[in-house]
Amino acid sequence: MPQITVERSPGLDHVDWTAFALALHPVVVEVAAARLEACKTRVLRTEDEVVGDVPGATAQGGPAIVHVTLALLAGRSDETKAQLTEAVLDLLRKHVEPADGVSAVHASAEVRDLDPSYRKYEG
């Protein structure tokens, strides 16, 4: 915990997602009282996407999507969760630069509680 998932468009291949994760983890520690060594981020590249009636970013242009989900152990207030999602959006603004073929970036973030059945091990 935290389990962080970044789902992003192929139109955002140019972004340094490792740098984003390394900037995000200390923010999660500060805002949500997590342990740095417990922060884990996976970046998943989506393939087919549509925004409204417009296909996703291609060589001809189009929108790109990035959505960040932060799954935390239960117990954080709604205020803390909102503060964390705003911090994620601020980091996305800093790390996601415009690129050829991307007409707009649709960025979003959410914090959710892990289910009580969540377990982990480190081996």
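## Salt bridges

The structure, which is a predicted model, holds seven salt bridges. One of them brings together the side chains of D13 and R8, with 2.4 Å from N to O. The two partners sit in unlike surroundings, since D13 counts as partly exposed at 40% relative accessibility, whereas R8 is buried, with a relative accessible area of 10%.

Another salt bridge links D113 and K81, whose closest N and O atoms are 3.0 Å apart. D113 belongs to strand β6 and K81 to helix α2, so this pair ties together parts that are 32 residues apart in sequence. D113 has a relative accessibility of 33% and therefore counts as partly exposed, while K81, with a relative accessible area of 16%, is buried, the limit for that class being under 20%.

A further pair consists of K120 and E122, whose side chains meet in a salt bridge at 3.2 Å, N to O. K120 is partly exposed, with a relative accessible area of 43%, and E122 is exposed, with a value of 66%. Elsewhere, R8, D13, R45 and E47 are joined into one network by salt bridges that share partners.

## Helix α1 and its surroundings

Helix α1 covers residues 17-32, and its 16 residues reach 21 Å from the first C-alpha to the last, which is close to the 22 Å expected at 1.5 Å a residue. At the start of α1, a side-chain oxygen of D16 comes to within 3.2 Å of the backbone nitrogen of T18. The buried residues of this helix are W17, F20, A21, L24, H25, V27, V28, V31 and A32, and what covers them includes the strands β1 (3-8), β2 (40-45) and β5 (63-72) together with helix α2 (78-95).

The helix also takes part in a right-handed β-α-β unit, made by β1, α1 and β2. Within that unit, β1 and β2 pair in the parallel sense over six bridges, and the bridge partner of E7 in β2 is L44.

## Helix α2 and the second β-α-β unit

Helix α2 has 18 residues and reaches 26 Å from its first C-alpha to its last, close to the 26 Å expected at 1.5 Å a residue. The buried residues of α2 are T80, K81, L84, T85, A87, V88, L89, L91 and L92; K81, listed here, is also the salt-bridge partner of D113. What covers the buried residues of α2 includes α1, β5 and β6, just as α2 is among the elements that cover the buried residues of α1.

A right-handed β-α-β unit is made by β5, α2 and β6. Its strands β5 and β6 (residues 104-113) run parallel and are joined by ten bridges.

## T69 in strand β5

T69 is found in strand β5 and stands opposite E110 in β6. With a relative accessible area of 12%, T69 is buried. Its side chain makes a polar contact with the side chain of H67, at 3.3 Å.

When residues up to four places away in sequence are not counted, T69 touches Q3, I4, T5, E110 and R112. E110 thus appears both among these contacts and as the residue opposite T69 in β6. As background, side chains in a regular strand alternate between the two faces of the sheet.

## Backbone exceptions

Most residues other than glycine have a negative phi, and most peptide bonds are trans. Against that background, two places in the backbone deserve attention. A33, which follows α1 and lies in the loop between α1 and β2, has a positive phi of about 55 degrees although it is not a glycine. At 65% relative accessibility, A33 counts as exposed, whereas A32 is listed among the buried residues of α1.

The other place is the peptide bond between M1 and P2, which is cis, with omega at about -5 degrees. P2 is located in the segment before β1.

Conventions:
Residues are numbered from 1 along each chain as its sequence is written. This is a predicted model: local features need pLDDT of at least 70, side-chain atom pairs count only at pLDDT 80 or more; totals for chains, interfaces and linings use all residues. Side-chain values use heavy atoms; hydrogens and water are left out. Helices (H or I, at least four residues) and strands (E, at least two) are DSSP runs, numbered from the N terminus. The expected span of a helix is 1.5 Å times one less than its number of residues. Buried means under 20% relative accessible area, exposed over 50%, partly exposed in between (1.4 Å probe, protein chains only). Contact means heavy atoms within 4.5 Å. A polar contact is a pair of N or O atoms within 3.5 Å; within protein, one must be able to donate a hydrogen and the other to accept it, and residues adjacent in sequence count only if both atoms are side-chain atoms. Two strands pair if DSSP finds at least two bridges between them. A crossover is right-handed if, with the strands pointing away from the viewer, the path from the first strand over the helix to the second runs clockwise. A salt bridge is a side-chain nitrogen of Lys or Arg within 4 Å of a carboxyl oxygen of Asp or Glu.
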